[in-house]
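Visitor: I'm new to this one. Could you pick a single part and walk me through it closely, then show me what else is worth a look along the way?

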Amino acid sequence: MKFKLSKYIVPSVVSMVLVGTYTNIDGFFIGNVSGDDGLAAINIVWPIVAFITSLGTGIGVGGSVLMSALRGCGKTSDSENMKKSVLFVLTVFGLIASAVLSAICRPLAGLMGARGEVYNYACDYALVISATAVFQIVGSGLIAVLRNENKMFHSMIYTILSLAVHIGLDVLLVEKYKLTGVAVSTAVSQFAVLVLCLCTLKIEKSAKINRAYIKDILRASSAPFGVNFVPSLVLFATNYSALKYGGTAAVSAYAVMSYAVYTYDYIYQGVCDGIQPVLSFYTGSGNEKGKKYVMKIAVIILAVFSLIFILITKPLINVLPSLFKVSYTAEKMMMSGLVIYAVSYPFKATVKMMCSYCYATEKFGISNFLTYIDPIVTTPLFLAVLPCFAGINGVWGALTVSQITVTLAGAVLMMFKFRNG
């Protein structure tokens, strides 16, 4: 069976870019209404949002890997049972997340460093997002399932419609309700995605929830969950160091830089998510030649994107500070920060590609290692060391040095794994 890769990659990249655009648009409205305090608030509690969306995407992608592999083996009935089991897991975890996060979001905001007016803004935003987590988890998970159901165009269109709803509500609500308005816009737009996906997704009436599959889904979900959530764990650690070495202005600068850098992450992830259904199918059918071809195309695409992102660094330095109305102090920090971050782009792309290949081909041990070593080991280590010598530039440099380290570790691990079978 042959696949037209552009049919998978283009809608996936567009969808992921649009997801990143949510954040950029919210930052534009917040920066113009609430300034540094509003930008700092949403950046500080962003890990809560990322956890919610990453949980849905992780379960959706993890389950889809198993669905595609079963289809590759010709086990269509088992694939349908897996699909229904994925929907069950998404719903259960969505309800649990809504209940738990609603109860703890206020103390979490304080633990993550929010103080004073920043704390008030952060709580306003986090409470609404937490209470509606079930919509976001099920919706983002079903988008991943639709991509694996050869409905890539549907998932892209639904993301576009969701963004249009989001922008319209931001225009109506943000000036009066500030961060609460932004949160409501997010919740309503994600509910719209959920409804559209449920109307499109087809599950055979004979399909059953298989309890044995639930454990497999959770195991397969750990790496894609981490790939999507890890940048926010890094964000949390970086926010803490930025506050320590540069105050609110540094967090504001980091928030705006993140709008660019994490958009690049979304594009890289879009490419990797786009090739995942094909890699998973080829893994199930034992087509090694097809897998090598897919990876070759992915490497070329990611290299081109990395070069483009490096080349537009200078124009971004000239545009972003005035666009988001940051203070002069934050602007000066951004000028060096974006240059330092640019060095990391090819390494970030490489790490995502290696991790995506491993979980798409069911090498979950390697994918988990590549996913979690960054937020647990390398980033905290370099954030603890580099700022002592370089101040705020050491905070920005920690991300780049961490990505280089993880890339080298991943390359060595994969060479050893494949050399030894």
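Guide: Sure, and keep in mind as we go that this is a predicted model. Let's start where a helix stops: right after α6 comes K178, and its phi is positive, near 55°. That value belongs to a residue other than glycine. Here's the background: most residues other than glycine have a negative phi. K178 sits in the loop between α6 and α7 (179–200). With a relative accessibility of 30%, K178 counts as partly exposed.

Now step back into the helix itself. Helix α6 covers residues 152–177, which is 26 residues, and at 1.5 Å a residue it should span 38 Å. The C-alpha atoms at its ends are 35 Å apart, which agrees. Still, α6 isn't perfectly straight: there's a bend of about 40° at D170. D170 is also one of the helix's buried residues, a list that includes M152, M156, Y158, L163, H166, L169 and V174.

From the helix, let's move on to the empty spaces inside. Rolling a probe the size of a water molecule over the atoms shows where empty space is left. Here the count comes to 3 cavities of 30 Å³ or more. Take the second largest cavity, with a volume of about 200 Å³. It is lined by 16 residues, and the closest to its centre are V230, P231, K352, D374 and Q403. Four helices give two or more residues each to that lining: α8 (211–285), α12 (345–360), α13 (364–390) and α14 (392–419). Of these, α8 gives the most, with 6 residues. As for character, the lining of the second largest cavity divides into 10 nonpolar, 2 polar and 4 charged residues.

One last stop: the cysteines. Searching the whole structure turns up 0 disulfides. Take C105, for instance: the closest cysteine sulfur to its own is in C123, and at 6.5 Å that's too far for a bond. C105 is buried, at a relative accessible area of 1%. C272 is in no disulfide either, since the nearest cysteine sulfur, that of C355, is 8.5 Å away, while a disulfide calls for two cysteine sulfur atoms within 2.5 Å. C272 is buried too, with a relative accessible area of 0%.

Definitions and conventions:
Residues are numbered from 1 along each chain as its sequence is written. This is a predicted model: local features need pLDDT of at least 70, side-chain atom pairs count only at pLDDT 80 or more; totals for chains, interfaces and linings use all residues. Side-chain values use heavy atoms; hydrogens and water are left out. The expected span of a helix is 1.5 Å times one less than its number of residues. The bend at a residue is the angle between axes fitted to the seven residues ending there and the seven starting there. Buried means under 20% relative accessible area, exposed over 50%, partly exposed in between (1.4 Å probe, protein chains only). On a 1 Å grid over the protein atoms alone, a cavity is a set of points where a 1.4 Å probe fits but cannot get out, and a pocket is an open set with protein on both sides within 12 Å along at least five of seven lines; lining residues have an atom within 4 Å of a point. Grid points are joined across faces, edges and corners, and a volume is the space filled by probe spheres set on the points. Ala, Val, Leu, Ile, Met, Phe, Trp, Tyr, Cys and Pro count as nonpolar, Asp, Glu, Lys and Arg as charged, and the others, Gly among them, as polar.
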